[in-house]
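User: Please take a close look at one buried spot in this protein for me. I am a first-year student, so keep the sentences short.

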Amino acid sequence: MPSHAAYPFSAVVGMADLKLALLLNAVSPAVGGVLVRGEKGTAKSTVVRALAALLPELSAVPGCRFACDPDAPDPECLDGPHDGPAASERRPARLVELPVGASEDRLTGSLDLERALTEGVRAYEPGLLAAAHRGVLYVDEVNLLHDHLVDLLLDAAAMGRAFVEREGVSVRHAARFLLVGTMNPEEGELRPQLLDRFGLTVEAAATRDPAERADVVRRRLAYEADPEGFALSYREEERALGGRIAAARALLPEVALGDAALGAITAICAGFDVDGLRADLVTARTAIALAAWHGRREVTEDDVRQAVRLALPHRRRRDPFDAPGLDEQRLAELMEENSFEPEDDPDPSGGGEPPSEGPDGSAQGGDAQGGDAQGGDADAGQGDAGQGGEGQGGAGQGEGAPVPVPQQSSAGAPFKPRLFTVEGVGEGAPGRRSKARGTTGRVTGAARRDSGAVHLTATLRAAAPHQKARGRSGPGLVLSGHDVKRAVREGREGNLVLFVVDASGSMAARKRMAEVKTTVLSLLLDAYQRRDKVGLVTFRGTGADLALPPTSSVEAGARRLERMPTGGRTPLAAGLERAARVLRTEALRDPSRRPLVVVVTDGRATHGPDPLTVASAFAGVRTIVVDCESGPVRLGLASDLARAMEAELVPLDGLGSLARVVRETRRAA
């Protein structure tokens with residue numbers, strides 16, 4: 001049989017910030033979990049899964065599905081009561097993984113309303129929150145998880161209890177766990193409100209040092225060749241880390257957070273203009289956990305500095321297009337302004353490693369964080385440069401023709417645009433744009449279905465006339481399969497918003513690109529808030545480019561838009577043809593996600609075939625044509641295009657409050 005030995009935590013090369021953040025949460029789960037941001041292939045999942053093997057074993061009541069502690073059982077445990085001296089069993093802490101496609105019932109547990117009606121009992125099947133109690137709950141690609149599931153997850157993590165409500169029947173149980181989420185920012189960001197609910201955040205980036213990369217590959221190959229033998233070679237290091245976690249947990253209640261240290265924490269949080277007080281609480285808890293990890297009984301300046309680096313970067317994000325980060329120079333200034341010494345350290349030597357060292361003895365602090373940030377920025381720069389190059393290449397002027405220097409213009413402040421929706425009722429992923437049937441939203445009716453929540457009133461109405469004939473004699477109902485009705489819900493879905501943007505010379509010559517970029521940026525922000533996927537097609541010169549393939553990362557769309565060059569002729573037909581191909585491809589990949597196409601153009605075509613001949617490719621597709629034509633004399637070509645595409649025509653200055661923005665931009669020019 002193949003071995004399932006986990007990759008040892010101690011064998012992970014580098015990633016000191018990530019390992020430290022995980023260990024601090026193992027010491028003090030009150031810190032609030034870890035969000036790991038990083039590019040693909042950086043061993044984020046490997047490190048998280050390795051953590052569970054380090055956690056101390058726990059005592060649990062035998063047979064309890066909620067892993068109650070025999071010394072302090074949950075008085076509301078559904079498998080209880082556990083009165084008197086209960087037997088106990090020792091078992092490892094669990095690592096529970098929440099898949100991206102999980103349902104609400106899979107996460108919180110499910111109530112069997114049919115048994116509740118017929119037998120009068122609360123038949124509850126625990127979910128993943130119950131399984132993770134007193135262990136680790138790991139969510140890979142947390143940014144792709146539906147928002148309402150993330151809300152439920154973070155509420156349970158914050159309160160330490162899970163609540164399940166179904167048609168007036170409610171259940172609650174303990175759910176205290178170490179929460180770890182990983183995400184690739186290229187696939188979309190979490191909302192700032194959800195980011196704030198994670199205690200700590202770290203950036204994970206692959207090392208650029210060839211020697212370290214070789215060491216990583218060498219260790220991975222050795223592990224794959226002999227997992228058991230490889231894990232055995234790190235057994236002593238793993239035992240030492242596990243013992244250190246247990247010792248830090250025991251020391252944690254004795255760690256003092258002096259008034260000077262607390263004053264420094266609150267002053268730094270205020271100095272960074274962080275919203276709310278969660279940042280102050282998390283930073284204080286992290287500093288206390290750091291002191292315990294290093295064997296000290298009082299928080300030091302180094303503890304505060306490192307806690308700030310872990311707890312504040314993701315709370316500095318104000319705009320949805322902002323990347324999390326921390327100004328190191330500003331941090332140094334605030335630390336200097338609020339410098340302090342421990343008030344009374346009973347063990348000046350600390351009894352542990354110096355705070356400047358990570359869990360594996362590697363250098364910790366600014367260098368490690370800076371290295372991650374530098375690696376991430378380098379990747380982002382390369383990606384944008386490559387994309388920009390592709391755009392310019394596709395828009396060439398032809399062989400032998402002089403290549404003009406592409407022009408760029410910046411977008412203004414985004415505004416709130418009109419809401420555009422897709423007609424009808426869809427069945428796409430939950431979002432906030434168009435009407436859709438799904439598992440969330442208001443109940444609009446009842447139907448016979450194989451799955452879904454039971455519609456209590458409709459089920460009772462269907463069963464009531466048959467009770468006498470079925471010989472009902474007790475308090476419970478006598479149901480048949482035909483009686484059970486499932487709730488039909490109508491909520492909102494996210495759509496695929498595909499932007500088709502004219503980047504030709506006519507846009508730049510008339511100083512309209514700033515207005516166009518402001519419009520598209522505002523629509524991108526609206527798409528972010530409505531949980532849409534976005535794509536960006538640009539056309540200029542002799543061709544069109546897919547500047548941004550459909551993605552959930554509207555941040556990537558904003559970057560592509562800002563760096564989009566302009567100039568050359570106007571191949572409008574090529575842009576429409578490219579957009580039509582994208583729609584056909586996406587219809588195969590995600591048939592339930594309905595498209596919304598936004599064409600931003602003045603309708604002029606100075607290269608290629610007549611764009612009206614391509615309009616039929618958009619039959620049945622909800623399309624908006626944003627008319628960029630300006631000036632006293634107008635040809636109305638965008639109106640002709642909209643008529644051929646059966647699209648809604650909207651003037652550039654007719655999108656919400658853009659009229660004021662356009663007037664101010666033109667006045668300034």
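Analyst: What follows is a walk from the whole protein to one arginine, then to a cavity beside that arginine, and last to a helix.

Keep in mind that this is a predicted model. The protein has 669 residues, and 49% of them are buried. Its secondary structure comes to 22 helices and 20 strands. Look at the contacts with a separation of 6 or more: 80% of them join residues 24 or more positions apart.

Now go to Arg 433. This residue sits in strand S12, which covers residues 430-438. Is Arg 433 buried or exposed? Its relative accessibility is 3%. Buried means under 20%, so Arg 433 counts as buried.

What does the side chain of Arg 433 meet there? One partner is Asp 526, whose side chain makes a polar contact of 3.0 Å with that of Arg 433. Another is Asp 532, where the side chains are joined by a polar contact of 2.7 Å. Both aspartates also appear among the residues that Arg 433 touches, leaving aside those up to four places away in sequence. That list also includes Leu 419, Phe 420 and Thr 421. Further along the chain, it includes Arg 492, Glu 493, Asn 495 and Val 497. Ala 527, Arg 530 and Leu 596 complete it.

Next comes the cavity. The structure holds 2 cavities of 30 Å³ or more. The second largest has a volume of about 50 Å³, and Arg 433 is one of its lining residues. Asp 526 lines this cavity too. So do Phe 420, Val 497, Ala 527 and Leu 596. Phe 499, Leu 523 and Val 598 are also in the lining.

Which elements supply this lining? Strand S15 (496-502), helix H18 (513-529) and strand S18 (595-601) each give at least two residues. H18 gives the most, with 3 residues. By class, the lining of the second largest cavity has 7 nonpolar residues, 2 charged ones and no polar ones.

Finally, turn to another part, helix H10. This helix runs over residues 235-251, which makes 17 residues. At 1.5 Å a residue, H10 should span 24 Å, and its end C-alpha atoms are 24 Å apart, so the two values agree. Which residues of H10 are buried? They are Glu 238, Leu 241, Gly 242, Arg 244, Ile 245, Ala 248 and Leu 251. The cover over these buried residues includes helix H1 (16-27) and helix H12 (278-293).

Definitions and conventions: Residues numbered from 1 in each chain as written. Predicted model: local features only at pLDDT ≥ 70, side-chain atom pairs only at ≥ 80, totals over all residues. Heavy atoms only, no water. Helix = DSSP H or I, 4+ residues; strand = E, 2+ residues; numbered from the N terminus. Buried < 20%, exposed > 50% of the residue type's maximum accessible area, 1.4 Å probe, protein only. Polar contact = N/O pair within 3.5 Å; in protein donor to acceptor, adjacent residues only side chain to side chain. Contact = heavy atoms within 4.5 Å. 1 Å grid on protein atoms, 1.4 Å probe; cavity = no way out; pocket = protein on both sides within 12 Å on 5 of 7 lines; lining within 4 Å. Points joined across faces, edges and corners; volume = space filled by probe spheres on them. Nonpolar A, V, L, I, M, F, W, Y, C, P; charged D, E, K, R; others polar. Expected span 1.5 Å × (residues − 1).
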